[in-house]
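Welcome, and thanks for taking a look at this one. Here is a short briefing to read alongside the sequence and the 3D view.

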Amino acid sequence: MERSDLPPDVVIRRLPLYARSLRYLLEEGIHSVSSQELGERINVTAAQIRKDLSYFGEFGKQGIGYDVEKLLQHIERILGINQHWPVVLVGIGLLGQAIARYEGFRTEGIEIVALFDSDPAKIGQQVGELVVQDFANVRRVIAEKHIKLAIIAVPALQAQRVADVLIEAGVRAILSYAPMILQVPEDVWVRYIDPVAVLQSMTYYLAREQPPS
Ligand SMILES: NC(=O)c1ccc[n+]([C@@H]2O[C@H](COP(=O)([O-])OP(=O)(O)OC[C@H]3O[C@@H](n4cnc5c(N)ncnc54)[C@H](O)[C@@H]3O)[C@@H](O)[C@H]2O)c1
């Protein structure tokens, strides 16, 4: 597929939300859903859902709606989460320890398989089911386990240095909790979790007592 033919990134970012909603529907014992009902659950219009899914083929039947299980399988395949994705986590401080213990990744095809820190006091500690390893060994582990995904939870000023090492070792996608924009090659994806910036984007509206348009 040419780069220009690829679905827009905002569509790709909505797919995990569709998948999660479909999983909840299955848990509720619901096996068929209209685009209207699915849209209401994730604050997206029915037309938007149909348009998003049309990038990937024909789903659902007019008047009958979507078969929840089949649509979920399709979306999981599109996202590649029907495969197992091993992830390394770097920075096992306050936040890193919570991430390492979070069960929610595994149910979605993603597994944190190794923890790294550079602090000798942290190396060797057990966190959840894993033992913290020396960051000096990260290259070897990434190569051995063919790891493409990493989570960074180190202080902001350490994040670039850590990202450089991970990328050199073969990592192609990084989720960073560090409040620092990373410089990466074109074929590497970075996404940020930045609760402070998100809260500040809401304080703008709170200060004016008016909702976003
Ligand atoms: N704690 C939170 O609630 C929170 C929320 C949002 C974002 N963040 C961001 O997440 C990051 C981590 O926050 P935290 O509170 O866990 O910090 P922390 O200081 O408790 O932990 C950071 C960890 O990174 C390790 N580290 C430092 N440099 C390293 C390097 N070069 N290689 C490997 N490991 C290294 C440290 O030894 C430490 O264990 C920070 O960038 C912070 O701004 C934290």
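Let's begin where two helices touch: Leu17, Tyr18 and Ser21 of helix 1 meet Leu38, Arg41 and Ile42 of helix 2. Please keep in mind that this is a predicted model. The chain is assigned two domains, domain 1 (3-79) and domain 2 (85-197).

**Helix 1 against helix 2**
- Helix 1 covers residues 9-27, and its axis lies 10 Å from that of helix 2, with a packing angle of about 105 degrees.
- Helix 1 is therefore roughly perpendicular to helix 2, as angles of 65 to 115 degrees are counted that way.
- Sorted by class, this contact holds four nonpolar residues, one polar and one charged.

**Helix 2 against helix 3**
- Helix 2 (residues 35-42) and helix 3 (residues 46-54) have axes that come within 8 Å and cross at roughly 105 degrees.
- That crossing makes helix 2 roughly perpendicular to helix 3.
- On the helix 2 side, the contact is made by Ser35, Gln36, Leu38 and Gly39, while helix 3 brings Ala46, Gln48, Ile49 and Arg50.
- The contact of helix 2 with helix 3 is made up of three nonpolar residues, four polar and one charged.
- Leu38 is worth finding in your viewer: this residue takes part in the contact with helix 1 and in the contact with helix 3.

**Domains and recorded annotations**
- The centres of domain 1 and domain 2, taken over C-alpha atoms, are separated by 30 Å.
- An unreviewed UniProt entry places a "DNA-binding region" at residues 17-56.
- Residues 17-56 are 70% helix and 5% strand, and the C-alpha atoms at the two ends of the span lie 16 Å apart.
- For residues 80-181, the unreviewed UniProt entry lists "domain: CoA-binding".
- In residues 80-181, helix accounts for 28% and strand for 28%, and the end C-alpha atoms are 26 Å apart.

**Around the ligand**
- The ligand is surrounded by 24 residues, and the closest are Gly91, Gly93, Leu95, Asp119 and Ala178.
- At least two residues of the shell come from each of helix 5 (94-101), strand 4 (110-117) and helix 7 (156-169).
- Which element gives the largest share of the shell? Helix 7 does, with four residues.
- By class, the shell around the ligand has 15 nonpolar residues, five polar and four charged.

How values were computed. Residues are numbered from 1 along each chain as its sequence is written. This is a predicted model: local features need pLDDT of at least 70, side-chain atom pairs count only at pLDDT 80 or more; totals for chains, interfaces and linings use all residues. Domain bounds come from an automatic or database domain assignment. A residue is near a molecule or strand if its C-beta atom, placed from the backbone, lies within 6 Å of it. Ala, Val, Leu, Ile, Met, Phe, Trp, Tyr, Cys and Pro count as nonpolar, Asp, Glu, Lys and Arg as charged, and the others, Gly among them, as polar. Axes are lines fitted to C-alpha atoms, for helices over the stretch in contact, and angles run from 0 to 180 degrees between N-to-C directions. Angles under 35 degrees count as roughly parallel, over 145 as roughly antiparallel, 65 to 115 as roughly perpendicular and the rest as oblique. Two residues are in contact if their C-beta atoms, placed from the backbone, lie within 7 Å. UniProt positions are given in the numbering used here, feature names are shortened, and annotations may be inferred rather than shown by experiment.
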